[in-house]
Amino acid sequence: IDMKRAILLFTAFSGVLYLSLTSYSSGPASQGIGHVAASGCGGGCHGSATTNTVVGIAVMDGSTPVTGSYNPGKTYRVTVTGTNSTHSLYGYQFSARTSANATAGTYLNIPSGSKQSNASSALKVVEHSAPISAASGLSVSFDWTAPVTGTGNVTLALSVNAVNGNGNTGGDEFNTVTTTLSES
């Protein structure tokens with residue numbers, strides 16, 4: 001029994017150490033470790049979602065806002081935003097996904113300070129590559145080409161984490177938003 005207990009404790013400690021070393025407080029881990037755009041930055045790491053961080057997704061077709069539906073194969077401009085009156089450093093993760101949690105379409109023209117990562121073998125996300133300093137709030141834009149005909153509904157999900165930059169999760173404030181676009 002003592003050997004089993006020792007193995008169990010070692011495994012638990014290793015898991016906690018791994019999570020500590022891959023925390024998103026100082027930017028995301030080098031490998032995508034999960035899909036926080038949908039689930040949020042919580043799970044014990046950053047507490048509960050808070051309305052102190054205001055989050056938004058804008059999808060544009062030229063100068064026209066896209067609401068409700070997308071045209072298969074069309075390229076849109078996506079802008080993700082987040083504001084928090086007490087923080088000026090941000091992290092984010094965005095996904096466009098099918099009902100099977102696979103990437104819907106492709107991401108293009110991802111700006112400096114952001115990257116595309118694998119949240120799973122089937123799901124790619126756009127996220128920060130280091131904390132983004134933005135005194136007036138986070139605003140990041142990139143292109144998204146909608147998926148092919150027959151894909152069905154696409155869920156756009158965003159999580160923004162306003163952080164204090166101390167390298168710990170205490171004091172961070174995140175929030176999420178999702179919107180669903182039907183196939184036109």
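Colleague: Which residue in β8 stands opposite Gln93?

Modeller: This is a predicted model in which residues are numbered from 1 along each chain as its sequence is written; local features need pLDDT of at least 70, side-chain atom pairs count only at pLDDT 80 or more, and totals for chains, interfaces and linings use all residues. Side-chain values use heavy atoms, with hydrogens and water left out. Strand β5 (residues 89-97) pairs with β8 in the antiparallel sense over two bridges (pairing takes at least two DSSP bridges between the strands). Opposite Gln93, β8 places Glu127.

Colleague: And what is the bridge partner of Gln116 in β8?

Modeller: Strand β7 (residues 114-118) runs antiparallel to β8, with five bridges joining them. A hairpin of five residues leads from β7 to β8. Within β8, Gln116 has as its bridge partner Val126.

Colleague: How many residues of β8 are buried?

Modeller: Strand β8 spans residues 124-128 and is mostly covered. Buried here means under 20% relative accessible area, exposed over 50%, and partly exposed in between, with a 1.4 Å probe and protein chains only. Of the five residues in β8, the buried ones number four.

Colleague: How many helices and strands does the secondary structure of the protein come to?

Modeller: Elements are DSSP runs numbered from the N terminus: helices are H or I of at least four residues, strands are E of at least two. From the N terminus on, two α elements come ahead of the β elements. The count is two helices and twelve strands.

Colleague: Which element gives the largest share of the largest nonpolar core?

Modeller: A nonpolar core is a set of buried Ala, Val, Leu, Ile, Met, Phe, Trp, Tyr and Cys residues joined through side-chain atoms within 4.5 Å. The largest one has 27 residues, and Val80, Tyr92, Phe94, Phe142 and Trp144 touch the most other members. Two or more residues come from each of β1 (54-61), β4 (75-83), β5, β10 (138-145) and β11 (154-163). The largest share, five residues, belongs to β11.

Colleague: How many residues apart in sequence are the parts that Phe94 and Phe142 tie together?

Modeller: Rings of Phe, Tyr and Trp (its six-membered ring) pair if their centres lie within 6.5 Å; planes under 30 degrees apart count as stacked, over 60 as edge-to-face and the rest as tilted. The whole structure holds five aromatic pairs. Phe94 and Phe142 form an edge-to-face pair, at 5.3 Å centre to centre and 65 degrees between the planes. Because Phe94 lies in strand β5 and Phe142 in strand β10, the parts they tie together are apart in sequence by 48 residues.

Colleague: Is Phe142 buried or exposed?

Modeller: Contact means heavy atoms within 4.5 Å. Leaving out residues up to four places away in sequence, Phe142 touches several residues, including Tyr76, Val80, Phe94, Ile110 and Val126. Its relative accessibility is 0%, so Phe142 counts as buried.

Colleague: How far does the backbone oxygen of Gly171 lie from a polar atom of the side chain of His87?

Modeller: His87 sits in the loop between β4 and β5, and its 10% relative accessibility is why it counts as buried. Not counting residues up to four places away in sequence, it touches Ala162, Val163, Asn164, Gly171 and Glu173. From the backbone oxygen of Gly171 to that side-chain atom of His87 the distance is 2.8 Å.

How values were computed
Polar contact = N/O pair within 3.5 Å; in protein donor to acceptor, adjacent residues only side chain to side chain.
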